[in-house]
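Here are a few exercises to work through with the model open beside you. Try each one on your own, then read the solution.

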Amino acid sequence: MTLILALKWLLDTGEAVLVTSDSRATTPFGIAYEVKKIHPILLGDKPVAIASGAGDASHVKWGFEVAEDILLDYAQREYPVKFTTFRKAVRDIEYSFMRRFSKLRDLGISPAFQMVLCGLDPSGKASIYLFDNRGLAEPVHDNPGYAIIGSGFVTGGFCFLDYWVILWSET
């Protein structure tokens with residue numbers, strides 16, 4: 001089971017993003033091993049974004065590389081990356097994903113892929129984009145303010161969010 005959760009958190013000074021995941025993967029034979037599902041994107045030692053992915057490891061690792069290449073190109077021209085610039089970078093990433101996944105489907109390969117890409121601009125505005133197996137990106141930073149991906153969505157993610165909302169409303 002894979003579960004990745006990205007939440008927008010409101011602070012007095014702006015917004016923050018929390019990204020968390022399980023770290024285990026299981027082979028078809030039931031053997032569990034540790035996997036890196038969260039990938040920080042850095043310009044030198046300066047944070048640019050956080051990518052997290054679920055699905056076929058080859059697609060996820062490739063998705064991390066594409067997101068990193070494109071975002072670093074933008075970050076080299078403008079750092080820190082503004083909210084509107086981040087949105088433009090996401091469109092470029094989306095186009096790369098759609099091209100590749102379309103070619104894979106033409107070859108009879110159905111990509112198993114989900115990715116969440118998060119950023120924070122200099123004014124404290126959070127970006128959370130949810131990429132699906134078609135390569136399309138949905139901005140979820142304002143509505144609903146979170147993203148859940150992976151096979152653990154129903155069993156873990158939804159239950160966690162439901163419990164978290166109940167706790168939050170009781171305080």
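**Exercise 1. Place Asn143 in the fold, and decide whether it is buried or exposed.**

Start with the secondary structure of this predicted model: Asn143 sits in the loop between β9 and β10. Next, take its relative accessible area, which is 62%. The cut-off for exposed is over 50%, so Asn143 is exposed. To finish, look across to Ile128: the two are 15 residues apart in sequence, and their C-alpha atoms are 9.9 Å apart in space.

**Exercise 2. Find the salt bridges of Asp142, and work out which parts of the chain they tie together.**

Step one is the partner Lys8. Its side chain meets that of Asp142 in a salt bridge, at 3.2 Å from N to O. Lys8 belongs to strand β1 (residues 4-11) and Asp142 to the loop between β9 (137-139) and β10 (146-149), so this pair links parts that are 134 residues apart in sequence.

Step two is the partner Lys125, whose closest N to O approach to Asp142 is 2.7 Å. Lys125 lies in the loop between β7 (113-120) and β8 (126-131), so here the parts tied together are 17 residues apart in sequence.

Step three is to follow the shared partners: Lys8, Glu15, Lys125 and Asp142 end up in one network.

Now check the surroundings of Lys8. Its relative accessibility is 17%, and with the buried cut-off at under 20%, Lys8 counts as buried. In the sheet, Lys8 stands opposite Val17 in β2. Strands β1 and β2 (residues 14-21) run antiparallel and are joined by 8 bridges, with a hairpin of 2 residues connecting them.

**Exercise 3. Describe the salt bridge between Arg77 and Asp73: where are the two residues, and how exposed is each?**

First, the geometry: the closest N and O atoms are 2.6 Å apart. Second, the location: both residues lie in helix α1 (residues 57-77), 4 residues apart, which is about one turn of the helix. Third, the accessibility: Arg77 is exposed at 58%, while Asp73 is partly exposed at 38%. For context, the whole structure holds 7 salt bridges.

**Exercise 4. Starting from Trp62, trace the aromatic cluster.**

Begin with the total, which is 7 aromatic pairs. Among them is Trp62 with Phe97, a tilted pair with 5.4 Å between centres and 45° between planes. Trp62 is in helix α1 and Phe97 in helix α2, so the contact ties together parts 35 residues apart in sequence. Both Trp62 and Phe97 are buried.

Then take Phe101 and Phe113, also a tilted pair, at 5.0 Å centre to centre and 55° between the planes. Since Phe101 lies in helix α2 and Phe113 in strand β7, this pair joins parts that are 12 residues apart in sequence. Phe101 and Phe113 are both buried as well.

Add Phe131 and you have the whole cluster: Trp62, Phe97, Phe101, Phe113 and Phe131.

**Exercise 5. Work out which strands pair with β7, and whether β7 is enclosed or not.**

Go one neighbour at a time. With β6, the pairing is antiparallel over 6 bridges, and Ser52 has Val116 in β7 as its bridge partner. With β8, the pairing is again antiparallel over 6 bridges; here Met115 stands opposite Phe131 in β8. β7 and β8 form a hairpin with 5 residues between them, and Gly124 in the turn has a positive phi of about 90°.

For the last part, count buried residues: 6 of the 8 in β7 are buried, so the strand is largely enclosed by the rest of the structure.

**Exercise 6. Characterise the second largest pocket: its volume, its lining and its chemistry.**

Volume comes first, at about 320 Å³. The lining has 22 residues, and those closest to the pocket centre are Pro47, Val48, Ala49, Gly119 and Leu120. Next, sort by element: β2, β5 (38-43), β6 (46-55), α2 (83-106) and β7 each give two or more residues to the lining, and β6 gives the most, with 4 residues. Finish with the chemistry, which comes out as 17 nonpolar, 2 polar and 3 charged residues.

Conventions:
Residues numbered from 1 in each chain as written. Predicted model: local features only at pLDDT ≥ 70, side-chain atom pairs only at ≥ 80, totals over all residues. Heavy atoms only, no water. Salt bridge = Lys/Arg side-chain N within 4 Å of Asp/Glu carboxyl O. Buried < 20%, exposed > 50% of the residue type's maximum accessible area, 1.4 Å probe, protein only. Pairing = 2+ DSSP bridges. 1 Å grid on protein atoms, 1.4 Å probe; cavity = no way out; pocket = protein on both sides within 12 Å on 5 of 7 lines; lining within 4 Å. Points joined across faces, edges and corners; volume = space filled by probe spheres on them. Nonpolar A, V, L, I, M, F, W, Y, C, P; charged D, E, K, R; others polar. Phe/Tyr/Trp six-rings, centres within 6.5 Å; stacked < 30°, edge-to-face > 60°.
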